[in-house]
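Q: Could you take a close look at one part of this model for me? I would like to hear about a pair of charged side chains and the setting around them.

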Amino acid sequence: MSRPIMLVFLLVILIVTSQFEWRQPLLELDAAPSLSQKHQQIAKREDAVKEKIILSQERHIQRLNDLVRTLQMQLLRCKGQENETRNATETSRLSKQFIELERKHIVED
């Protein structure tokens, strides 16, 4: 008795699993249009993200350009101050040499 019950049980399992296999291809065919719509939505989202990344990079580039301009202006100011300092040092050295020449001239007289 156990054997016929086991055979019936196996037959039921075969029928149930075969039904699942038949239904899966039908579901995949029905899902195909929704998959293409999902792919389109995903592509749109990816494009939006890429656009946001590009805009963010452009803002960063603009900030970097502004920083470069600021640093160039500071460099020019520093060079101007360096030239002024160099001129002041040169003038001071010449003044000292002139004073020494005058002393020599006075001593010789």
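A: Happy to help; here is a walk through the salt bridge and its surroundings. Please keep in mind that this is a predicted model.

Let's start with the setting. The protein has one helix and zero strands. Of its 109 residues, 0% are buried. The accessible surface comes to about 10,800 Å², and carbon and sulfur atoms account for 63% of that surface.

Now to the pair itself. Side chains of opposite charge can pair when their charged atoms come close. Here, the side chains of Arg69 and Asp66 meet in a salt bridge, with 2.8 Å from N to O. Both Arg69 and Asp66 sit in helix H1, three residues apart, which is about one turn of the helix. The count for the protein is one salt bridge.

How open are the two partners? Arg69 has a relative accessible area of 44%, so it counts as partly exposed, the class between 20% and 50%. Asp66 is partly exposed as well, because its relative accessibility is 33%.

For company along the helix, have a look at Leu10, which lies in helix H1, spanning residues 2-108. Leu10 belongs to a nonpolar surface patch together with Met6, Leu7, Phe9 and Ile13. Those five residues have about 500 Å² of accessible area together. With a relative accessible area of 44%, Leu10 is partly exposed.

Definitions and conventions: Residues numbered from 1 in each chain as written. Predicted model: local features only at pLDDT ≥ 70, side-chain atom pairs only at ≥ 80, totals over all residues. Heavy atoms only, no water. Patch = residues over 30% accessible without salt bridge, like charges linked within 9 Å, V, L, I, M, F, W, Y side chains within 5 Å. Areas by Shrake-Rupley, 256 points an atom, 1.4 Å probe, with all protein chains shown as cover. Salt bridge = Lys/Arg side-chain N within 4 Å of Asp/Glu carboxyl O. Helix = DSSP H or I, 4+ residues; strand = E, 2+ residues; numbered from the N terminus. Buried < 20%, exposed > 50% of the residue type's maximum accessible area, 1.4 Å probe, protein only.
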